[in-house]
Amino acid sequence: MTREISPPPLKRRRVVHQSSPETKSHSFRVFSWNINGVDAFLPPTNSKITTFFKPTNSPSGRASPPKTDHETTSNSLRAFLSRHNWPEVLFLQELKIKQGDCKTVAALLTAINSPLSKSDVLSQERTYTLDTVLPRDKYNVKGFQGKLYGVGTIIRKDFARGHVSLIREADWDLEGRVSIVQLKKGLGQDRPLALLNIYAVNGTSSPYRSPDTGKAVGTRHDHKIVFHSRLRDECLELEAQGYNVVVAGDLNVARGVLDGHPNLRTYPSQHCLNRADFNAKFFGQEDNKRARAHVRASNEKQACLDAIDVFRALHRTERRYTYHPRTAHWGSSCDRVDLILASKRFWEEGLVLSTGILDSPQERGPSDHVPLWVELKGPG
């Protein structure tokens, strides 16, 4: 197989090498995972929470502590956190928790913080907070008894105490798709940082109803286009307030030919329009070219976030995928629809250190998506 030559790095980017002491002592990690429903991660009553993975070194670059012999395989988010050496932030998408279901939310928090073994000490560095954003749209969240969508933001307590200023919803999001974490200034950066946990709309031909009247006002494809605009505007407003922005989650769009296997989805044609709309609103010409992203020529001038797709910026044309449907053999049909985006100025200042996709059946667990992660400059 012929290996392609990567294009040159972006101009003005200051790279901090991973091997430097600065990186090791002044960084933090954000993991993101569409878990396709929280139920599989909640242990049965009176059962012991044990490890979801067999002991191995973490693909995210940091060795995990050895597991004890009595730990056996089950679905455990705490074991996932342990396996990856207690990351500061974990974003979850598609919780599938109904609005007002406090019992399930409490069970999730308990599962995250229940010790795996006697040696699993519940210190501030191994205990987490949980904030959920659940759907509140009575007309568009009717299926499955309202157990649809929803995002969860899990933050290590020591990091939350020292660096988190605010965790909030977006006023315009009624479907439980957006959680915004605003950090304090002083993470080794000139500007404060905002982290956005996103579960973007999946475009379909199903009707989208007015949240006020319940009347059909278009399709879910139309709603996806509107969601793109609102998310872009939220990010631009944060940048206008002086924040750098990092967006992580399931964006429900494969950007271009590098991001679909064996082929990029092009039917129905609205998927192509959704893809072009996303690329136009979130990325500039340079990033779209590097990603071989699908774009359409247009005379219409519109605002653009001009963000950086950090996986494409660091790994160029490498083909890795985040969505692996359980109805197909592993690797036979997959897409990169979970993304991490960063403000261009944040990238150019060398504050994005590394990123990766944990693409294996074991890492996928009971979901149909695999986790991804990014390491950012700041005190871990």
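Me: What makes the largest cavity a cavity, and how much space lies in it?
Reply: About 50 Å³ of space lies in the largest cavity. On a 1 Å grid over the protein atoms alone, a cavity is a set of points where a 1.4 Å probe fits but cannot get out. Points are joined across faces, edges and corners, and the volume is the space filled by probe spheres set on them. By this rule there is one cavity of 30 Å³ or more. This is a predicted model: local features need pLDDT of at least 70, side-chain atom pairs count only at pLDDT 80 or more, and totals for chains, interfaces and linings use all residues. Residues are numbered from 1 along each chain as its sequence is written, and side-chain values use heavy atoms, without hydrogens and water.

Me: What makes a residue part of the lining of the largest cavity?
Reply: A lining residue has an atom within 4 Å of a point. Val310, Phe311 and Asp338 are among those that line the largest cavity. Helix H8 (310-315), strand E14 (338-342) and E15 each supply at least two. Helices (H or I, at least four residues) and strands (E, at least two) are DSSP runs, numbered from the N terminus.

Me: Why do E3 and strand E4 (residues 151-156) count as a pair?
Reply: Two strands pair if DSSP finds at least two bridges between them. E3 and E4 have six bridges, in the antiparallel sense, so they pair. One bridge joins aspartate 131 to threonine 153 in E4.

Me: What is the strand order of the open sheet, and why are E3 and E15 said to stand at the edges?
Reply: The six strands run E3-E4-E2-E1-E16-E15, with mixed pairing. Strand E3 (128-133) and strand E15 (352-357) each have a single partner strand, so one side of each is left without a neighbour in the sheet.

Me: What makes the largest pocket a pocket, and which residues lie nearest its centre?
Reply: A pocket is an open set with protein on both sides within 12 Å along at least five of seven lines. The largest pocket holds about 950 Å³ of space. Of its 45 lining residues, Tyr199, Asn202, Gly203, Thr204 and Asn252 lie nearest the centre.

Me: Which helix gives the most to the lining of the largest pocket, and which to that of the second largest?
Reply: H6 gives the most to the largest pocket, with three residues. H6 also gives the most to the second largest pocket, with four. That second pocket holds about 480 Å³.
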